[in-house]
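Visitor: I am new to this structure and would like a close look at a single part of it. Could you take me slowly through one place where helices meet?

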Amino acid sequence: MEIFISIVKIALIIAYFYGLLKVMDHSSIWVKILGIVVAFGIVQLALSLQFGDFQVLNAFDNGLLMQACTMTMVALGLNLIYGFNGQFSLGQWGFYGLGAYCAADITFRWARGDSRGLFVVGFGVLFAGLAIWTIFKMLEKNRGVPVLSAFTLYLVAVVASSAVAVVLGNLVNPVLSPLLGTISEPGILNSQIVKEIIFFLAIVLAGIFAAEVSFLFGLPVFTLGSDYFGIATLGFSIVVYTLMNNSDTILGFTEMKGGRGMIGIEKTTTWFWAFFFLLVVIIVMRNLINSGIGRMIKAVREDETAALAMGINVANNKLIVFVIGSLFAGIGGGVYAHYIGFLSPGTFSFINSFNPLIIVVFGGLGSMTGTITASFGWTFFLEGLLRNLLSGLGTEAPTWRFVLYPIALLLLMLLRPQGLLGTAEWGFLKTTFLKSKKIKIEPSEAALAGKGEAG
Amino acid sequence: MQQAVTSDPLTPVAYKSKKRLSWVGKGFLILLAVGVLFILGDNLIKNPALFVQYVVDGLQLGFVYALIALGYTMVYGIVKLINFAHGDIFMVGSFISFFSITEFNMHLWPAALFPDLPKLLVVIIGTLTVIAVSMLVCVALAVTIEKVAYKPLRDAPRIAALITAIGVSFFLEYFGALYFVFSSRFIPYKQPFDVVAYYINGSGIHQIVAGTPPPVGSITFSNIFVIIVVVSILVQIFLQFLVRRTKIGVAMRATSYDKNAARLMGINVDQVVSFTFAIGSAFAGLGGVLYAIAYSQIWTQMGILPGLKAFVAAVLGGIGSLPGALVGALIMGQAEALTMGYISTPMRDAVAFTILIVVLLIRPTGIFGEPEKEKA
């Protein structure tokens, strides 16, 4: 019976997304907004209504839903990097972890009367972003700077701006911290509304932080070539995992507690926030892919040499895609941290870094619909259905899960290597084509003159 | 098809030669190198014996990595596939040896059959049997994996094969972690022979007596260290001979150069690929046994990081090159041991991957790698 309910739930979720994407494709903006509000409301009702013992989506499902939302953001970012741009990356999980820890640290400190988290990260992200932008523009004018030199310039600039940010943050903190109060006696700046704002800022900053780190990391690593790029990004995930495990000793963030895991994070993520960030990520990514840049991204995937010949700056294109993908991962991490309330480095170990990759491959490379359905289906299948199916096995169940799931992967690779959905897209996500303008061709003056002479 | 680039009048030579600000990057690298050399030199002067001790530990690690890296470099050289499952075959090798020792007492069979044999001979024959069994099981496993999982994808996009490799790796790890297979616990390894530690100082080589620490300023090593070094070098020589002098070696090189042309020349490419997998996995199994004897603890995920580092070593040395794999592995071993000694233990993985990135930036094909030919 439970298995049947789980299957129905997965089918309903897929139908839900089908409907949502259809509505978002409507030509009238009001219908779109109404559809999104209704879609939000349906799940909210299902989460909050209770008929006696029965609840359509219980607390466990709520957890799965949040997990699936964050996983979708991460997997969409990876699909942008790997599915649409063809760069095999295993570092997405590392950026996810960076985003999670960064966002968690900001709100954690804020709740405890320490505004340095917000201001150091905020100023740091701002200044580092400005520095990167300035150098990027400078290097665009002066072509021919070797990658290593460019990397050194960026690195020095980012380190310098971060140092400035740390100083500024420490200057601002004494002014604000009396207003923040402590965790037992919250000050005026720790009311519920301010907390929600800080949460929003924290997630955005975490995303940008992950994006800037990915820029610095991607710049040298993209020159290595495809397979080596994959291994280097896997290395990045391993390095991030190591740093998290030693965040209290090597990095000196005592509140992260290293390998014991960070506890006491505010559980601010609700269905509203998860839905909001998921929708933002979907809309941004869809518009990016259907824009001129999106066509460049796909051109680079199809043939780098041909793309270069068409005047596309391939190196910059790859880098920008990598940065945007990591931005999504960072946002996903922030949402996850505030849903789960507890961050352990084990979650971000590099074995799990294959999860988004497998989701993207299952859903179909270069298919947003595939990624969304696959990550929801994957989370509900693996956590919900498979847990029910294997519950008779006792403590061995988690291991069996990971025995069955490579087998499914192998079968998929052998039978349908393009993914379950291939490149099919639903409703809103379908590729839009610009209406071709009718161009009136007027005969040039020379041609007219020639005609006149001839006549 | 070779194009004469220099004689082409359209090539913008002037644009290519203009490398602005290249001194910044070089300066950064020089600073980095000076920093590393300073730390190493400073410690070498402060306590030379400790430094040499770390180098010895690094050598032991490096020669084990070399055994794994050989399989990676050969497989990648021929089918251009990062065989993620290779590290898990290494793990299977050590587990098979563990079970053949604890369940079947295979390291003692000569003593059971011929009670008069001298003890040394019993140990040698017994250990060799254990190693041979592990290698055979690894070969069988790898050939099966190759036939079932990789062969159908030979003509698919490379990434499909890579994801399959990841899947196989997961399967081996978690299937092994099941209770009735290997179980997911850390298992203390029972050595087939006694590991004896020695120390060396000014007065010669002495055996360490259990319970008494070696004198200050001496360098310790064990018999397994010597075995690992000797075996690894022998394997290297054997593979060099195999690849350079035998018919199958010629076939391997031909397949690696151009698969279709090799097929036209009458080489059975499938057989060559299977053979490559088999021989790489045999040495991974050997490495697994030696690693388990040296570090005396096994579990089902022990193969992941050594496998990855061995791949990094193969890339460092230039993928497809056998001496490159050895050199790369030794560099990785040294980097890891010295980082553990002088910076901090957890940072050893970070340093390994940083070295990979830096070396590939300077020399994109690795230390011994040949310049890559254009994508066909």
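Guide: A crossing of two helices is called left-handed if the near helix is turned anticlockwise from the far one by less than a right angle, and right-handed if clockwise. With that in mind, and remembering that this is a predicted model, we can turn to chain B, where helix H6 (residues 119-150) passes helix H7 (residues 158-177) in a right-handed crossing. The axes of H6(B) and H7(B) come within 11 Å and cross at roughly 130 degrees, which makes H6(B) oblique to H7(B), because an angle that is neither over 145 degrees nor between 65 and 115 nor under 35 counts as oblique. On the side of H6(B) the contact is made by Ile145(B), Ala149(B) and Tyr150(B), and on the side of H7(B) by Ala161(B), Thr164(B) and Val168(B); by class, these residues of the contact are five nonpolar, one polar and no charged.

The same two helices also have a part in covering a helix of chain A: H6 and H7 of chain B, together with helix H13 (354-363) of chain A, are among what covers the buried residues of H15(A). Those buried residues are Thr399(A), Val403(A), Tyr405(A), Pro406(A), Leu409(A), Leu410(A), Leu412(A) and Met413(A). As for H15(A) itself (residues 397-415), its 19 residues should span 27 Å at 1.5 Å a residue, and its end C-alpha atoms are 27 Å apart, so the two values agree.

Technical notes:
Residues numbered from 1 in each chain as written. Chains lettered and ligands numbered in written order. Predicted model: local features only at pLDDT ≥ 70, side-chain atom pairs only at ≥ 80, totals over all residues. Axes fitted to C-alpha atoms, helices over the stretch in contact; angles between N-to-C directions. Helix = DSSP H or I, 4+ residues; strand = E, 2+ residues; numbered from the N terminus. Contact = placed C-beta atoms within 7 Å. Nonpolar A, V, L, I, M, F, W, Y, C, P; charged D, E, K, R; others polar. Expected span 1.5 Å × (residues − 1). Buried ≥ 20, exposed ≤ 12 C-beta atoms within 10 Å, placed from the backbone.
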